[in-house]
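Thanks for making time this morning. I would like to walk through one model, starting with its helices and then turning to its interior and its pocket.

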Amino acid sequence: MAVLRQPITAVVITFWFFFWVLNALDKFFARQDLGFVRWWGNHRVEKFTMYFEKLMWSPEYIKATLIFAGIVEFAAAGFFVVAGFRLVQGKPGVAYRTDLAITASIVVFLGFIIFDVIVGDRAELLEHSTYIGVLLVSFLAVAAESFFQHLRDLDSTSGLKKGPAGES
C-alpha cells in the first residue's frame, strides 16, 4: 500500500486537509447548534465587525467576506485532496502535488497576514505567521521522505548481488 511507503507525507496531507476543511466550516457554522453538536469555533462575526469599523467599511459585507474566506480555505483543502488521492493510488508526483498544496496554503496565509497587518491584529498576525512556519516544516518533512524513498528505490533496483548471508 502506497500510504505505508510514505507515512510522513500521508500525515502531512491528512493534517492540512482537516485543518483547512474545519477552518472553512468554522466560517459557516461558528456559534451554531447543528443538532448533533454545538459548533463553538471562533466568533468571526464579532472580530470582523471590529475590523470593518476600523477600516470604516460597511458591516453588510462581513458575511460575504467570511464566505469568500471559507471558499478559499475549501480550495486549499482541495489541493491536499488531489495529493492524497495520488498517494492512495500509488501514482507518481505525490511530493509535487503536496508541494503545490503547501504553496497554496502559504499563499492563503500570506493573504491573511496582509489583512492582519492592515487591521492591526497582532495576535492573528503571530498565529498566521506560525502556520507558515509549520507549513515550511511540513514541506521539509515531505521533501526528506521523498528523498530517502528515492534512495531506497535506487538501492532496491541497483542490481547489487547479495551474498548468502545478505552481505554484498
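**Helices, cores and a pocket**

Let me begin with α2, where helices are DSSP runs of H or I with at least four residues, numbered from the N terminus: its 23 residues should span 33 Å at 1.5 Å a residue, the expected span being 1.5 Å times one less than the number of residues, and since its end C-alpha atoms are 32 Å apart, the two values agree. I should say at once that this is a predicted model, in which local features need pLDDT of at least 70 and side-chain atom pairs count only at pLDDT 80 or more, while totals for chains, interfaces and linings use all residues. Residues are numbered from 1 along each chain as its sequence is written, and side-chain values use heavy atoms, with hydrogens and water left out.

The helix α4, with 28 residues, reaches 41 Å from its first C-alpha to its last, close to the expected 40 Å, and α5, with 26 residues, reaches 38 Å, close to the 38 Å expected. Each of these helices is followed by a residue with positive phi: R31 after α2, near 60°, G90 just after α4, about 70°, and G120 after α5, near 75°.

Now the interior. What do we find in the largest nonpolar core? By nonpolar core I mean a set of buried Ala, Val, Leu, Ile, Met, Phe, Trp, Tyr and Cys residues joined through side-chain atoms within 4.5 Å, buried being under 20% relative accessible area with a 1.4 Å probe and protein chains only. It has 25 residues, of which I13, W16, W20, F80, I102, F109 and L135 touch the most other members; α2, α4, α5 and α6 each give two or more residues to this core, and α5 gives the most, with nine. A second, separate core of eight residues includes F48, I62, L66 and V119.

Finally, the largest pocket, a pocket being an open set of points on a 1 Å grid over the protein atoms alone, where a 1.4 Å probe fits, with protein on both sides within 12 Å along at least five of seven lines. Its volume, the space filled by probe spheres set on the points, is about 430 Å³. The lining, meaning residues with an atom within 4 Å of a point, comprises 22 residues, with K27, F48, A69, F112 and H128 nearest the centre. Of these nearest residues, K27 is also among the buried residues of α2, and A69 among those of α4.

Methods
Buried means under 20% relative accessible area, exposed over 50%, partly exposed in between (1.4 Å probe, protein chains only).
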